[in-house]
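Okay, thanks for coming, everyone. I'll put the model up on the screen and then walk you through how the pieces sit together.

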Amino acid sequence: GLGFTALGDTLAALGVEYDSDLALDIVSHIMDTKMESELDSTIDMSITRGSFEGWDNSLEFPHIGEFGNDFYDSISFRYNKQVKRMQQFGRR
């Protein structure tokens, strides 16, 4: 996997200074891709194995933006495709 230690190694391997604006852009892109992949993975596992027992779509995404849950609001905005799939198939 690409943990936080390997993230620094990745920047070094790319020859990018750790505290540069370019490094921040690269890290942002890597983490965005990582989050998208993790959401896809949990949804795909739900499709093949079923949702985890506590999954309740109506509690997770009742009305986006109305309950002040920054995490759900953020993923609903940034990963809308995954949120739609999650609402349909659940997550694991």
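So, reading along the sequence, the pattern is α-α-α-α-α. That's five helices and zero strands. Keep in mind that what you're looking at is a predicted model. The chain has 92 residues, and buried ones make up 28% of them. And if you take the contacts with a separation of 6 or more, 63% of those come from residues 24 or more positions apart.

I'm going to build the talk around helix 2, residues 21–49. Helix 2 has 29 residues and spans 42 Å from its first C-alpha to its last, close to the 42 Å you'd expect at 1.5 Å a residue. Just after helix 2 comes Gly50, and its phi is positive, near 95°.

Which residues of helix 2 are buried? Those are Ala23, Ile26, Ile30, Met35, Leu39, Asp40, Thr42, Ile43 and Ser46. And what do they pack against? Three partners here: helix 1 (4–14), helix 4 (70–78) and helix 5. I'll take two of those partners in turn.

A quick reminder before the pairs: two packed helices are described by the angle between their axes and the distance between the axes.

Let's do helix 1 with helix 2. Their axes come within 11 Å and cross at roughly 130°. Angles under 35 degrees count as roughly parallel, over 145 as roughly antiparallel, and 65 to 115 as roughly perpendicular; this pair is therefore oblique. Helix 1 passes helix 2 in a right-handed crossing. On the helix 1 side you've got Phe4, Leu7, Thr10, Leu11 and Leu14, and they meet Ala23, Ile26, Val27, Ile30 and Met31 of helix 2. Sort that contact by class and you get nine nonpolar residues, one polar and no charged ones.

Now over to helix 5, residues 80–89. Helix 2 and helix 5 pack at an angle of about 20°, with their axes 10 Å apart. With the cut-off for roughly parallel at under 35 degrees, helix 2 and helix 5 are therefore roughly parallel to each other. The crossing of helix 2 past helix 5 is left-handed. Helix 2 brings Glu36, Leu39, Asp40, Ile43, Asp44, Ser46 and Ile47 to the contact, and helix 5 brings Gln82, Arg85, Met86 and Phe89. The class split for this contact is five nonpolar, two polar and four charged.

Let me zoom in on one residue from that contact. Gln82 is found in helix 5. Is Gln82 buried or exposed? Its relative accessible area is 3%, and the cut-off for buried is under 20%, so Gln82 counts as buried. Leaving out neighbours within four places in sequence, Gln82 is in contact with Glu36, Leu39, Asp40 and Ile43.

One last stop, Thr42, back in helix 2. Thr42 has a relative accessible area of 12%, so it is buried too. Which residues does Thr42 touch, not counting those up to four places away in sequence? Arg91 and Arg92. As for Thr42 and Gln82, they sit 40 residues apart in sequence and 9.9 Å apart in space, C-alpha to C-alpha.

So, to leave you with the two pairs: helix 1 and helix 2 are oblique, whereas helix 2 and helix 5 are roughly parallel. That's what I've got, happy to spin the model around if anyone wants another look.

Conventions: Residues are numbered from 1 along each chain as its sequence is written. This is a predicted model: local features need pLDDT of at least 70, side-chain atom pairs count only at pLDDT 80 or more; totals for chains, interfaces and linings use all residues. Side-chain values use heavy atoms; hydrogens and water are left out. Axes are lines fitted to C-alpha atoms, for helices over the stretch in contact, and angles run from 0 to 180 degrees between N-to-C directions. Helices (H or I, at least four residues) and strands (E, at least two) are DSSP runs, numbered from the N terminus. A crossing is left-handed if the near helix is turned anticlockwise from the far one by less than a right angle, and right-handed if clockwise. Contact means heavy atoms within 4.5 Å. Ala, Val, Leu, Ile, Met, Phe, Trp, Tyr, Cys and Pro count as nonpolar, Asp, Glu, Lys and Arg as charged, and the others, Gly among them, as polar. The expected span of a helix is 1.5 Å times one less than its number of residues. Buried means under 20% relative accessible area, exposed over 50%, partly exposed in between (1.4 Å probe, protein chains only).
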